[in-house]
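Student: Could you take me slowly through the largest pocket, and explain the terms as they come up?

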Amino acid sequence: MSEVTLDELVSLCKRRGFIYQGSEIYGGLAGTWDYGPLGVALKRNILDLWWRTFVDERDDMYGVDAAILMNPKVWQASGHVDTFTDPLVECSNCHNRFRADKIEDENRCPVCGRENVFGEPRQFNLMFKTNIGPTQDEKSISYLRPETAQGIFTNYKNVVDSFYPDLPFGIAQQGKAFRNEISPRDFVFRSREFEQMEIEYFVRPDEWEKAFEQWQKDIHKFLKALGLSDSKVHELEVSDGDRAHYSKRTVDFEFDFPIGREELLGLAYRTDFDLKNIEKGSGKGMEYRPKDGGEPFVPHVIEPSFGLERAVMAVLTSAYQEDEIGGEKRTVLKLPTELAPVRVAVSPLLKNKPELVAKAREVYKTLKAEFGRVMYDDNGNIGKRYRRQDEIGTPYCVTIDFDTLEDDTVTVRNRDTAKQERIKIESLADKIK
RNA sequence: GCGGGAUUCGUAUAACGGUUAAUAUAUCAGUUUUCCAAACUGAGGACGGGAGUUCGACUCUCCCAUCCCGCACCA
C-alpha cells in the first residue's frame, strides 16, 4: 500500500470541501487555513471525542474556556514577552541568537567566538501584538495568546476555590492560539492560527512519575480512538539538552505524516514552574492545602498538549487508502465512525423513479432527525455515489430500491468491505449505532 | 528570513509571442440506467495580482502574493 502524499491530501481536502487556503480569493494569507463543511465537521468530532474522553468520562477533570486576550502581565510572568519580542541577532556560524542590546562585543559571537557573523538585528515577534482600547501606546499593548496553557494556570486558583478538588486533578481547555511563525509550513501542520486541546494535571510533587506514565497510556488509547495506526505513532523521549529549561521530563508523541515523522502532541512534566511564576507575578499564593491538614505546597504539573490541526492531518493520513473493489481502484477514507463528517448517506437506487425518490426522502428525514450528520445523494448512478461517499469517509450508505416499496427493507452498504446487508427500515437506526 | 522550483476551469494536466486557450475528470440540466465511477445530448467554468518590453503577452522581464523542496526557526 502506497502512502498518501501531501499533494494528494491537500488536493482531496480542497476538492471535497475539507480545507481551503485562507483568504484564497485575495491571493491567500500565509499560515492560515479555512475549514469547509466536511472539515469543520471532522474538527468538531475530534474536539468532541477529546472532551468526552478526557473531561466528561472522568471525575478528576474540570473544563475552562479562558479569554484569548489576557492581561499582558500574564505573558511577562510566563517569560513570553522577554523571549519573543526583543530585537535579536543571529550568529551565521553557530545560529545562536542574542538580544542585540545585551551583547558585549557586537562583532564577535559569544558562543563560537567567530567575528563578523551578525547581520542586522531582527524583530522576532512570535506573539501577535494588539492594542486594547482607543489609544495605541505602550500601555494599551496586549497579545493574542501564543498558547492556551496560561489561561488554565491563571484560573487554577478559581477552580480550587470553587470546587476544592482532591489531588490529583486536571483542568482542560480547547481553544485558539496564535503564533507569528517566521515560516509557516506543511499545509496545516504549522500555521499562524491554530487550536490547542490542553490539560494541566496537578499532582503532589512526589507523585508526578506515576501520573506521567498513566498519561502516556491514556494518550495512546485516545490516539487509537482517532484511528491512528500504532505503527505510525512513536514516543520520543526528549533529551536533557532539548527540553525546555523548566521541564524535568518530556515525551513527544510523533506521527508519520506525509511530510515525515513529526510531533503530533507533547507530554511534559512542568514541575511547579508556572504556578510559581504566577505567585511571583501576581503576589497571590498558589499553595494547595491538603484536606488531611498536612503542609501546604504548590502542586506540580503534567501537561498533555494536543494540536487540533495536527490531529486532523494525522487522522486523514491514517484514514486515506487506495484499494480495489471488484477490480476497480478507489480512494477511501477509513475514518472511525464517530469522526466521519457524514455518518450515513441515503440514496434512491434510481433518481428518475418518483416513488423511489419519495421513499428515499422519507428515510433521509428520519435518519437526519436521529443522527444529524446525514447526506441525501442522488448524483449520477449508484456506484458513483458509493465512490463519492468512500472518498469523504462515510461509513454507511443506505439505498432505497423497488423491494423497499414492497417490504420496507433497505440495503446498507459498508464502506470498508463494500458488502451489503438488507434490513428493515425500523431497525436502521439501531444498526447504524 | 535565505536558496531553488512552481502558479492555466473545482481537481489533475496540455499548448502557444497572433483565430474562439485544449484534454480528462468533477459540476449543472436532460435522456437512460433494478446496486459499485456505464452511455448519450447540452450547459457553465481558468491563464494568481501589478508594472514593463512589444503592433500584439497566458507565453519574455521585473515587483508582489501564495504554494512546494532544501536550510533556518519551532519559546
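Tutor: What follows looks at that pocket, with a short look at the second largest beside it. This is a predicted model, in which local features need pLDDT of at least 70 and side-chain atom pairs count only at pLDDT 80 or more, while totals for chains, interfaces and linings use all residues. Residues are numbered from 1 along each chain as its sequence is written, chains are lettered from A and ligands numbered from 1 in the order in which they are written, and side-chain values use heavy atoms, with hydrogens and water left out.

The largest pocket (an open set of points on a 1 Å grid over the protein atoms alone, where a 1.4 Å probe fits, with protein on both sides within 12 Å along at least five of seven lines) has a volume, the space filled by probe spheres set on the points, of about 1400 Å³. Of its 45 lining residues, each with an atom within 4 Å of a point, Glu147, Arg179, Gln196, Tyr246 and Glu263 are the closest to the centre. Strand S13 (a DSSP run of E, at least two residues; helices are runs of H or I, at least four) gives the most, eight residues, and the elements that each supply at least two include strand S10, strand S12 and helix H8. By type, the lining divides into 16 nonpolar, 13 polar (Gly among them) and 16 charged (Asp, Glu, Lys and Arg) residues.

The second largest pocket has a volume of about 300 Å³, and of the 14 residues that line this pocket, Val74, Thr154, Ile278, Gly281 and Ser282 are the closest to its centre. Helix H3, helix H5 and H8 each give two or more residues to that lining, which divides into six nonpolar, five polar and three charged.
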